[in-house]
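Student: I would like to go through a structure with you and ask why things are called what they are called. Could you show it to me?

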Amino acid sequence: MRALVLEGGRITLTNRPKPSAGDECVIRVSAAGICGTDLELLRGYAGFSGVPGHEFVGTVEDAGAADSGWIGRRVVGEITVGCDRCAGCRAAGRGHCDVRTVLGIRGRDGAFAEYLSLPATNLHAVPSSFDDVTAVFVEPVAAACRVIEQVTVDSRTRAAVVGAGRLGLLVAQVLRAHGADVTTIVRSEASRSAAMALGFESVTVGRGHQSLARQFDLVVDATGESSGFAAAAALVRPRGALVLKSTFHGETPISCSALVVDEITIVGSRCGPFERAIELLGDGRIAVKPLVVGTYPLAQFAEAFDRARRGLKVILTPGSASA
């Protein structure tokens, strides 16, 4: 099968063995999204080598006898595979397994290939009303929904999302769908335009955002940059919550004194509930089509990654031979 393989910071299109069923389902990938984490992998994040990509939709083509009912079904998949036995699994679920693998991120080949494999327990059937573009967004929308599970959000919540990019605009929409008054904090005019097109009040860093210091009940850092933490922390009101959604290659300097004095709650936030994401997408409460800036076959991966670095969501179509 054709696959994009990352080795030593360089990604190439090559042939890899097609996965076999065994204890997992083999899925032919229809579409896969490039996200910020994928771009950080190229910079060395997580030390990953192999096939990247974790946002996908595809059709199950093969499975073991116990999971044969999945064959022919169109699916998306949760990205973490755990052992269900270790202390991490018992305490917090497979997402925190001590020996976990993570699709396209940690010890497991991902979705930038014609085929991938996942256990049936990770799969979710895609509603027939979803086209491939909508389905690709189930995983990142689920990640956005994780915030709602971790902090209280209602009509009284004044929230800010720092970083109106691929994930930030999904987080902003999820918060709004749960009643919050949401402001996006952006760096570029393009991000500002994207946020405003989705109906969000938007403030550009350096052009008045300082006046919003210590004003928000909830602030989400979705910048994917080390500077994002400081920008987000400055916006949280005393005894407010700061949620970290960014993963990136590098370290973040933190000045703890103000966080202690203002008694800020800091929450790390990762993967989330697929059922809730599918529900929100199905109800039309999350707009995803405006976030897509390009669709490319695997053979045009260089152009696709370059476009992703300069814009919002880019989608790869492993089954396509041309654009």
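Student: What makes strand 15 and strand 16 a pair, and which residue stands opposite Leu242?

Tutor: In this predicted model, Leu242 has Ile266 of strand 16 opposite. Two strands pair if DSSP finds at least two bridges between them. Here 4 bridges join strand 15 (residues 236-244) to strand 16 (residues 265-268), so they count as paired, and they run parallel. Strands and helices are DSSP runs numbered from the N terminus, with at least two residues of E for a strand and at least four of H or I for a helix.

Student: Which helix lies on the way from strand 15 to strand 16, and what is the hand of the crossover?

Tutor: The chain passes through helix 8 (residues 256-261), and the β-α-β crossover is right-handed. That word applies if, with the strands pointing away from the viewer, the path from the first strand over the helix to the second runs clockwise.

Student: Before we go on, what should I know about the numbering and the values?

Tutor: Residues are numbered from 1 along each chain as its sequence is written, and side-chain values use heavy atoms, leaving out hydrogens and water. Because the model is predicted, local features need pLDDT of at least 70 and side-chain atom pairs count only at pLDDT 80 or more, while totals for chains, interfaces and linings use all residues.

Student: Why is the contact between Arg2 and Glu114 called a salt bridge?

Tutor: A salt bridge needs a side-chain nitrogen of Lys or Arg within 4 Å of a carboxyl oxygen of Asp or Glu. The closest N and O atoms of Arg2 and Glu114 are 3.4 Å apart, so the pair qualifies. Arg2 is in strand 1 (residues 2-7), while Glu114 is in the loop between strand 8 (107-108) and strand 9 (115-118), 112 residues apart.

Student: Are Arg2 and Glu114 buried or exposed?

Tutor: Buried means under 20% relative accessible area, exposed over 50%, and partly exposed in between, with a 1.4 Å probe and protein chains only. Arg2 has 23%, so Arg2 is partly exposed, whereas Glu114, at 15%, counts as buried.

Student: How many salt bridges does the structure hold?

Tutor: The structure holds 18. Among them is Arg156 with Asp154, at 2.7 Å from N to O, and Arg156 is exposed because its relative accessible area is 70%. Arg310 and Asp306 also form one, at 3.3 Å. Both residues lie in helix 10 (residues 301-310), 4 residues apart, about one turn of the helix. Arg310 is exposed at 57%, and Asp306 is partly exposed at 35%. There is also a network of salt bridges that links Arg276, Glu279, Asp283 and Arg285.

Student: How many disulfides are there, and why is Cys25 not in one?

Tutor: There are 0 disulfides. A disulfide is a pair of cysteine sulfur atoms within 2.5 Å. The closest cysteine sulfur to that of Cys25 is in Cys89, 19 Å away, which is too far for a bond. Cys35 is in no disulfide either, as the nearest cysteine sulfur, that of Cys271, is 10 Å away. Cys25 is buried at 0% relative accessibility, and Cys35 is buried at 8%.

Student: What makes strand 6 and strand 8 edge strands?

Tutor: Each pairs on one side only. They belong to an open sheet of 3 strands in the order 6-7-8, with mixed pairing. Strand 6 (80-81) is joined to strand 7 (residues 101-103) by 2 bridges, and these strands run antiparallel. Val81 stands opposite Thr101 in strand 7.
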